[in-house]
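Good morning. I will take one residue as a starting point and work outwards from there. Please look at the sequence and the structure first.

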Amino acid sequence: MGADLTLVLGGARSGKSRYAEGLVTAPGGPRVYIATSQIWDAEMAERVARHRDDRGPDWTTVEEPRDLTGALRRHAAAGTGVLVDCLTLWLSNLMMAEADVAAETSALVELLPTLPGRVVLVSNEVGLGIVPDNALARRFRDHAGRLHQSIAAVAPRVVLTVAGLPMFVKGTPA
C-alpha cells in the first residue's frame, strides 16, 4: 500500500494546520505533534502555548527544530498519526544554523515513503508572491520550492488550503 503521507500547503492563516490536525485525528490512535518552531520571544511563547492548549491533552508534543528525520524515525509507528508543523520553520532553522540544507532535505525526502503510520506535513507555500528583494529570502524561497516539489513527488496526497478550504492537488481525501 505505500506510505500514508500527506503534504498540506497554504499561506499564512489559510487553515492548513487545522486541516492537517483533522487528518491526524481521523484514524484515532496516538497522535504526535512535531513542532519545528523555536521560541524567540514572549509573543511566540504565548502562541505556542495557545496552540498546545487548542490541541488538548491527547497529543504528544515533540519540539524538534532541526533533527526532523530523527524525530520522525523515533515517533512514526503503525497506528500512530504524526503531524509536522511546519517545514518552512524547519528550513529557516537549518539556514540559520548554516546546515547543509540540500543534504537535510534529501534525507527527509528519502525517509518519508518508508515511515509507518500516518504522517502529515504542513508547510507555507511561499512561491506565490513577488520575488524577494534580498538574497537570503530568495535562497529560502528556492529551498522551500525544491523541498515542496520533492515531497510532492513521493507523497500520495498533496493539499493546498485556501480560506480554510482544502483543494486536492494530488490524490484524494484521506
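Leaving aside its neighbours within four places in sequence, which residues is Arg31 in contact with? Before I answer, please keep in mind that this is a predicted model. The residues in contact with Arg31 are Val24, Thr25, Asp58, Trp59, Thr60 and Gly81. With Thr25 there is also a polar contact, side chain to side chain, at 3.2 Å.

Is Arg31 buried or exposed? Its relative accessible area is 14%, and the cut-off for buried is under 20%, so Arg31 counts as buried.

Now the strand. Arg31 belongs to S2, which covers residues 31–35. S2 runs parallel to strand S4, residues 81–85, and 5 bridges join the two. Within this pair, Ile34 stands opposite Val84 of S4.

Next, the sheet. It is an open sheet of 7 strands with mixed pairing, and the order is S3-S2-S4-S5-S1-S6-S7. Which strands stand at the edges? They are S3, residues 59–63, and S7, residues 165–170. Each has a single partner strand, so one side of each is left without a neighbour in the sheet. On average, and with direction ignored, neighbouring strands here are turned by 20 degrees against each other.

Last, a helix. H6, residues 135–154, packs on the sheet. The strands that H6 touches are S1 (4–10), S5 (118–124), S6 (157–162) and S7. The direction of H6 makes about 145 degrees with that of S1.

That is where I stop. Thank you.

Methods
Residues numbered from 1 in each chain as written. Predicted model: local features only at pLDDT ≥ 70, side-chain atom pairs only at ≥ 80, totals over all residues. Heavy atoms only, no water. Helix = DSSP H or I, 4+ residues; strand = E, 2+ residues; numbered from the N terminus. Buried < 20%, exposed > 50% of the residue type's maximum accessible area, 1.4 Å probe, protein only. Polar contact = N/O pair within 3.5 Å; in protein donor to acceptor, adjacent residues only side chain to side chain. Contact = heavy atoms within 4.5 Å. Pairing = 2+ DSSP bridges. Axes fitted to C-alpha atoms, helices over the stretch in contact; angles between N-to-C directions.
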